[in-house]
Amino acid sequence: MTAATAGIHHITAFVRDPQKTADFYAGVLGLRLIKKTINFDAPEVYHLYFGNELGSPGTIITFFPWPESRKGRIGGGQVGVTTYVAPAGTFDFWKERLAKLNVEATETSRFGESYLSFEDPDGLKLEIVARAEGPASKWSFGGVPADKAIKGFGGAILYSTAAAKTAELLTKVMGLTKAAQEGGYVRFRSTADLGNVIDVNVSDMEPGHGGAGTVHHIAWRAKDDEEHALWRSHVADSGFQPTPIVDRQYFKAIYFREEGGILFEIATDPPGFARDEEPDKLGEKLMLPEWFEQHRGQIEQLLTPFEVRVLEEDKG
Ligand code: ZN
């Protein structure tokens, strides 16, 4: 199989508080909560998905908010930084917006591009870059009009404990193309126009540890079920140990850990988030897979209610 992923499908991270998470990703960043469900492996924990208006692949960040979790440490074996891409010409809008909302941001640069670097309430490292490529989001919320809205992921910075191995995997197994090397990072590109720019550290990093404020895994796109099955064989033939195919309701998934310590997933584009809710109602109701529906009452009691709300600063 000559395999090449289109790019990032989603990124999943650990946080603590669902309300703070909604206030940040919807309130501050203007993303849409496109699915409110539970962790299928731990039904007492939410699984929240934020993305563009439909939760298109390449725009989806997902969270397991676990109020009692200890704080993690960002380091090797993780996605170190999650990069969002905003429309060209909106860098100053975002800089002013973060300042107004007291989100401390610094300006950095890599590969000739300017980035706003900041953290979410749990310390997850994020950045915004403005680029022309990628379809515009159609979602507007609070203080973020659609023409300034984050389009999705620009990409990510991977922190590898075995940088050369991770770089080799990205090109030889995942089908990315090496684009450049500069200032301690190698840059790779995939074929999509969102979630398509992956930077990897050149020197091996000390391992971090998981917990609130760290990324749990990064998922890459497979076009459909047929290609997904081929990906599984391809990953196994390349010497990795993929899990069996798991049904995640909104996509199918396999997982494997790469040699730099990062947990990779490969997820199918279909069926997507409109499989159980109308596109204009996405994220409004707690959605449970059939096998949990009979326990809905019990599950709802275990979950702390929260709402997607416009920030006070954006009102009036
Ligand atoms: Zn995932």
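Which strands each supply at least two residues of the lining of the largest pocket? In this predicted model, the strands are β6 (106–110), β7 (113–119), β8 (125–131) and β9 (152–159). Three of those names, β6, β7 and β8, also come up side by side in an open eight-stranded sheet, so here's a quick tour of pockets and sheet, with the order β6-β7-β8-β5-β9-β12-β11-β10.

**Largest pocket**
- You get about 280 Å³ of space here.
- There are 17 lining residues, and Ser117, Phe118, Glu119, Lys125 and Leu126 sit closest to the centre.
- By class, the lining splits into eight nonpolar, four polar and five charged residues.

**Second largest pocket**
- This one offers about 230 Å³.
- It's lined by 17 residues, with Asn39, Asp41, Phe64, Arg248 and Tyr255 closest to its centre.
- β1 (8–15), β2 (32–39), β3 (42–51), β13 (214–222) and β16 (263–268) each put in at least two lining residues, and β1 gives the most, with three.
- The class count is eight nonpolar, six polar and three charged.

**The eight-stranded sheet**
- Pairing in the sheet is mixed.
- β6 and β10 (177–182) are the edge strands, each with a single partner, so one side of each has no neighbour in the sheet.
- From one strand to the next, the twist averages 30 degrees.
- β5 (78–87) runs parallel to β8, joined by six bridges, and Ala86 stands opposite Ala130 of β8.

**Helices on the sheet**
- α2 (91–100) packs against β5, β6, β7 and β8, at about 20 degrees to the direction of β7.
- α3 (163–172) touches β9, β10, β11 (185–189) and β12 (197–201), and its direction makes about 155 degrees with that of β12.

Conventions
Residues numbered from 1 in each chain as written. Predicted model: local features only at pLDDT ≥ 70, side-chain atom pairs only at ≥ 80, totals over all residues. Heavy atoms only, no water. 1 Å grid on protein atoms, 1.4 Å probe; cavity = no way out; pocket = protein on both sides within 12 Å on 5 of 7 lines; lining within 4 Å. Points joined across faces, edges and corners; volume = space filled by probe spheres on them. Helix = DSSP H or I, 4+ residues; strand = E, 2+ residues; numbered from the N terminus. Nonpolar A, V, L, I, M, F, W, Y, C, P; charged D, E, K, R; others polar. Pairing = 2+ DSSP bridges. Axes fitted to C-alpha atoms, helices over the stretch in contact; angles between N-to-C directions. Contact = heavy atoms within 4.5 Å.
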